[in-house]
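Here's a quick tour of how some strands line up in this model. Have the structure open and follow along.

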Amino acid sequence: MEYDIRDINLAPSGEMKISWVKNNMPLLRGLEEEFLRDKPFDGVKISLSVHLEAKTAYLCRVLAAGGAQMSVTGSNSLSTQDDIAAALAAGGMKVFAYHGATDEEYNKHIEMCLEHKPNIIIDDGGDLVSLIHNKRPDLGEECWGGCEETTTGVIRLKAMEREGILKFPMVAVNDADCKHLFDNRYGTGQSVWDSIMRNTNLIVASKTVVTVGYGWCGRGIAMRAAALGARVIVTEIDPVKAIEARMDGYDVMPMAQAAPLGDIFVTATGCMHTITTEHMKTMKDRAILANAGHFNVEIDMAGLEKEAVDSYPARNNITAYVLPGGKTVNVIGEGKLANIAAGDGHPAEIMDMSFAVQALSAGYVLEAHKNAKNGAMSTLPNKVIDVSSEIDEIVARRKLDAWGIEIDTLTPEQKEYLESWEV
């Protein structure tokens, strides 16, 4: 066994959690049965860095069922659940993660996860890819490509592609229809409010919620806030998205105007300092701040810690910061992803779709390697690659089958009509 975890004795608790999500993830169960039979990843080395909780653990086991040699770490030190890490390690998997790791320990775990020189990378936020390109190119010598789970990671990869430094193809799993339309919108929308309500024990109805960003995550957050009875304000930089937010029934204004009005603020942009200390100074006393983006930079936490005259634990997973003049702001989960750093993450049924896309996209990377010729690593270019429409359709149809839902199909005449330019 190879692992760096907190306590192997926590494994039974982790097994119980993994069993629960497995029973609610029919798409992954179906893939597990196929992988056990066909062994598509036999001997393939996969390094995975995704929020290390029960749904991720089951994805790891599904890939291992296909023959993959898995090396696993988390993508956020606060989202790692020690009992889940212990359960995977107890089963013989390489695991390098524990809850609350320091930045130095977290970076070491990322490097340890890559030590077996993976053929395929599954990343969430781009930390594995970043380490290979910035510090340890030798660890990527055998890499055929990989998959990126989240918006922030895709942004980083596209920047690398533009600069011409991306060393291998990366599939933008986040951009698949069966990922961002459901995971980002319905998954984030529910899990963020699960976390806020659980950690604050306060009512949402009657409050003013400021949603920062109106991408798919922001839409889900705003939609669920409104359903809970909140007044919703949206801040945006994109004029088209601002129009969408207004037509969806929300107030739209700059953050400088929204800051004094909000009771709860949720960031979901992938950008830094969308809420600054200057904004915080104008907020209501005891305003609640939560982040739903990958990195803890959307709320200016460094500036807040410097500006605050005092800070203290206000409640589990909530830190209160006292600003000059006595006003307090409450931050959930240290400004990291509130839904996973201070909660259980997206619902199992949502991650079932996202991780089915992941598993099939890893297979896509594998096939591109097998079809490569003349010593090439892959038939794919060293760019950010879209998920194929075939994978999206496979996942969507399997989801409908799991629900017992049938849909219509085109007749031959209808298909011919749609494909013709003549009426």
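Let's start with one pair of facing residues: Val266 stands opposite Ala290 in β12. This is a predicted model, by the way. Val266 belongs to a parallel pairing, since strand β11 (residues 264–267) and β12 run that way over four bridges.

β12 has another partner too: it pairs with strand β15 (residues 328–332), again in the parallel sense, over three bridges. Over there, Leu289 stands opposite Val331 in β15.

Is β12 (residues 287–291) mostly covered or open? Mostly covered: five of its five residues are buried. Ala287, Leu289 and Asn291 point one way from the strand, while Ile288 and Ala290 point the other way. So both sets of side chains end up buried under the 20% relative accessible area cut-off.

Now for the open sheet of eight strands. Its order is β1-β4-β3-β2-β5-β6-β7-β16, with parallel pairing. At the edges sit β1 (3–4) and β16 (384–386), each pairing on one side only. Within that sheet, β3 and β4 run parallel and are joined by two bridges, and Val72 has Val95 in β4 as its bridge partner.

Here are the parallel pairs side by side:

| Strand | Partner | Bridges |
|---|---|---|
| β3 (residues 69–73) | β4 (residues 94–96) | two bridges |
| β11 (residues 264–267) | β12 | four bridges |
| β12 | β15 (residues 328–332) | three bridges |

What lies across β3? That would be helix α5 (residues 103–114), which also lies across β1, β2 (45–49), β4 and β5 (120–123). Helix α5 runs at about 175° to β3.

How values were computed:
Residues numbered from 1 in each chain as written. Predicted model: local features only at pLDDT ≥ 70, side-chain atom pairs only at ≥ 80, totals over all residues. Heavy atoms only, no water. Pairing = 2+ DSSP bridges. Contact = heavy atoms within 4.5 Å. Axes fitted to C-alpha atoms, helices over the stretch in contact; angles between N-to-C directions. Buried < 20%, exposed > 50% of the residue type's maximum accessible area, 1.4 Å probe, protein only.
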